[in-house]
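Q: I would like to learn how to read a protein fold, one feature at a time. Could you walk me through it?

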Amino acid sequence: MKITHEIKDQTFTIHLNGELDASSSVLLDEELSKPEIMLFKKILVDCDRLNYISSAGLGVFISHLQRFEDAQIKLIFYNMQDKVKNVFEILGLDLLMTIVSSYDEAMTIANE
């Protein structure tokens, strides 16, 4: 799993590349726990190259969800592959989290 981020237009975007499993979820947790991430009101998660997500990976997002909501930070997932999106849908996480098809759609929602 490779996790990178970029900052553009007051938006923090995380790019996930590979498989998000128990071992790599630690890296994601470290990324989402950085204090400077709370300075942004929009966090986008690019899932285009995310091939797999385990319950540990989902747990990391869930564990930060309330903190972001309390800080009125929008967390938006985009470019999610069908097999990964199915995992979110089976667990009902698509009802708790914003998942859209493209970067443009993510930015539109982020700027509302």
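What follows is a short conversation about the sheet, the helices, the cores and a charged pair in this predicted model.

Q: Where should I begin: what order do the strands of the open sheet take?

A: A sheet is a good place to start. In general, strands of a sheet pair through backbone hydrogen bonds, either parallel or antiparallel. Here five strands make up an open sheet, in the order β1-β2-β3-β4-β5, and the pairing is mixed. At the edges you will find β1 (2-8) and β5 (98-100), each of which pairs on one side only. Ignoring direction, neighbouring strands of this sheet are turned by 25° against each other on average.

Q: How many bridges join β2 to β3, and do they run parallel or antiparallel?

A: There are eight bridges between β2 and β3, and the two strands run parallel. To find your place on screen, look for F12, which stands opposite I43 in β3.

Q: Which strands does each helix lie across?

A: Take the helices in turn. α1 lies across β1 and β2, at about 175° to β2. α3 lies across β3, β4 and β5, and runs at about 110° to β3.

Q: Now the interior: which residues have the most contacts inside the largest nonpolar core?

A: They are F61, F77 and F88, in a core of 28 residues. At least two residues of this core come from each of β2 (11-20), α1 (25-33), β3 (42-53), α2 (55-70), β4 (74-78) and α3 (82-90). Apart from this core lies another, of seven residues, including L44, I76, A106 and M107.

Q: What is F77 in contact with, leaving aside its neighbours within four places in sequence?

A: Its partners are V45, C47, F61, F88, M97, T98, I99 and V100. Two of these, F61 and F88, were named above with F77 for their contacts inside the core.

Q: How many salt bridges does a search of the whole structure find?

A: The search finds one. K34 pairs with E31, and their closest N and O atoms are 3.3 Å apart.

Q: Are the two partners buried or exposed, or something in between?

A: Buried means under 20% relative accessible area, so E31, at 8%, counts as buried. K34 has a relative accessible area of 28% and is partly exposed.

Q: Finally, what does UniProt list for residues 1-110?

A: An unreviewed UniProt entry lists this span as "domain: STAS". In the model, the end C-alpha atoms of residues 1-110 lie 26 Å apart, and the span is 38% helix and 34% strand.

Methods. Residues numbered from 1 in each chain as written. Predicted model: local features only at pLDDT ≥ 70, side-chain atom pairs only at ≥ 80, totals over all residues. Heavy atoms only, no water. Core = buried A, V, L, I, M, F, W, Y, C linked by side-chain atoms within 4.5 Å. Buried < 20%, exposed > 50% of the residue type's maximum accessible area, 1.4 Å probe, protein only. Helix = DSSP H or I, 4+ residues; strand = E, 2+ residues; numbered from the N terminus. Contact = heavy atoms within 4.5 Å. Pairing = 2+ DSSP bridges. Axes fitted to C-alpha atoms, helices over the stretch in contact; angles between N-to-C directions. UniProt positions renumbered as here; feature names shortened; annotations may be inferred. Salt bridge = Lys/Arg side-chain N within 4 Å of Asp/Glu carboxyl O.
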